[in-house]
Amino acid sequence: MSIAAGDRHTVLLDEHGHVLTCGSNTGGRLGTGVNGNERAFRRLTATYNQFGPARQVAAGDSWTAIVTDAGDLLTCGMNVGGQLGLGDEQDRDTPTRVALDRVRMVACAGFFAAALTDDGGVHTFGHGVSGELGHGDDVRLRT
């Protein structure tokens with residue numbers, strides 16, 4: 001079980017690997033695929049059915065990240081800086097798989113993220129205007 005809080009939304013991982021979200025759904029950050037805020041936790045059943053149980057959840061300001069037991073990284077929400085790791089800046093209202101294999105864990109901040117893979121690789125993506133992505137530059141959109 002774990003819990004993460006973004007800016008006006010909360011993500012919960014229960015003991016069975018189900019992800020539940022509530023709060024503001026601006027930009028699709030709750031991953032429910034429908035418009036509107038959720039005042040009570042809502043289970044992401046379709047995500048569980050498609051990708052299996054999750055082992056970690058994380059939240060940025062206006063987006064959500066999920067790591068599954070299989071090592072998939074899924075992201076959803078606002079994507080103004082490429083923080084979803086999908087190579088573009090298009091918002092997603094349902095969890096979408098990032099092209100990384102065997103993700104062990106993810107850490108999220110305002111508009112960027114870092115993912116650690118089983119082979120020890122560190123992958124950063126998002127809004128890197130202050131060097132926070134660790135690529136030695138200030139490039140905005142990195143995947």
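This is a tour of a predicted model, stop by stop, with a selection to make at each one.

**Stop 1: the largest nonpolar core**

Select Ala65, Leu73, Leu100, Val106, Cys108 and Ala115. The largest nonpolar core has 14 residues, and these six touch the most other members. Then colour strand 6 (63-68), strand 9 (103-108) and strand 10 (112-117), each of which supplies at least two residues of this core. A second core lies apart from it and holds 11 residues; among them are Leu13, Val19, Phe51 and Ala54. As background, nonpolar side chains tend to be buried together in soluble globular proteins.

**Stop 2: Leu73 and Leu100**

Centre the view on Leu73, in strand 7. Its relative accessible area is 0%, so Leu73 is buried. Show what surrounds Leu73 beyond four places in sequence: the contacts are Ala65, Ile66, Val67, Thr96, Arg97, Val98, Leu100, Val103, Val106, Ala115 and Phe125.

From here, go to Leu100. The two leucines, Leu73 and Leu100, are 27 residues apart along the chain, and their C-alpha atoms are separated by 7.0 Å. With neighbours within four places in sequence left aside, Leu100 is in contact with Gly71, Leu73, Ala115, His123 and Phe125.

**Stop 3: Thr75**

Stay in strand 7 (residues 73-77) and select Thr75. Is Thr75 buried or exposed? Thr75 counts as buried because its relative accessibility is 1%, and the cut-off for buried is under 20%. Draw a distance from its side chain to the backbone oxygen of Leu84: the side chain of Thr75 reaches that oxygen at 2.8 Å. Leu84 is also one of the residues in contact with Thr75 when neighbours within four places in sequence are left aside. The others in that set are Trp63, Thr64, Ala65, Leu86, Arg92, Thr94, Pro95, Thr96 and Val98.

**Stop 4: Thr117**

Move to strand 10 and select Thr117. Thr117 counts as buried, at 4% relative accessibility. Which residue does its side chain meet in a polar contact of 2.4 Å? The partner is Asp119, through its own side chain. Farther along the sequence than four places, Thr117 is in contact with Asp101, Arg102, Val103, Arg104 and His123. Keep Arg102 on screen for a later stop.

**Stop 5: Thr124**

Select Thr124 in strand 11 (residues 122-127). Thr124 counts as buried, with a relative accessibility of 11%. Its side chain reaches the backbone oxygen of Leu133 at 2.7 Å. For a reference point in the largest core, add Val106. Thr124 and Val106 are 18 residues apart in sequence, with 9.6 Å between their C-alpha atoms.

**Stop 6: the cavity**

Turn on a cavity display. A search of the whole structure finds 1 cavity of 30 Å³ or more, and the space in the largest cavity is about 60 Å³. To see its lining, select Gly17, His18, Val19, Leu44, Thr47, Tyr48, Gly52, Pro53, Ala54, Ile66 and Thr68. Helix 1 (45-51) and strand 6 each supply at least two of the lining residues. How many of the lining residues are nonpolar, polar and charged? There are 6 nonpolar and 5 polar residues, and no charged ones. Two of the lining residues, Val19 and Ala54, are also among the members of the 11-residue core.

**Stop 7: two arginines with positive phi**

Most residues other than glycine have a negative phi. Select Arg8, in the loop between strand 1 (2-5) and strand 2 (9-13). Arg8 is not a glycine, yet its phi is positive, at about 75°. Arg8 is exposed, with a relative accessible area of 59%.

Return to Arg102, in the loop between strand 8 (92-97) and strand 9. Arg102 also has a positive phi, of about 55°. At 45% relative accessibility, Arg102 counts as partly exposed.

**Stop 8: Gly82**

Finish in the loop between strand 7 and strand 8, where Gly82 lies. Although placed in a loop, Gly82 is buried, with a relative accessible area of 0%. Add Asn35 and draw the C-alpha to C-alpha distance: Gly82 and Asn35 are 21 Å apart in space and 47 residues apart in sequence.

Technical notes
Residues numbered from 1 in each chain as written. Predicted model: local features only at pLDDT ≥ 70, side-chain atom pairs only at ≥ 80, totals over all residues. Heavy atoms only, no water. Core = buried A, V, L, I, M, F, W, Y, C linked by side-chain atoms within 4.5 Å. Buried < 20%, exposed > 50% of the residue type's maximum accessible area, 1.4 Å probe, protein only. Helix = DSSP H or I, 4+ residues; strand = E, 2+ residues; numbered from the N terminus. Contact = heavy atoms within 4.5 Å. 1 Å grid on protein atoms, 1.4 Å probe; cavity = no way out; pocket = protein on both sides within 12 Å on 5 of 7 lines; lining within 4 Å. Points joined across faces, edges and corners; volume = space filled by probe spheres on them. Nonpolar A, V, L, I, M, F, W, Y, C, P; charged D, E, K, R; others polar. Polar contact = N/O pair within 3.5 Å; in protein donor to acceptor, adjacent residues only side chain to side chain.
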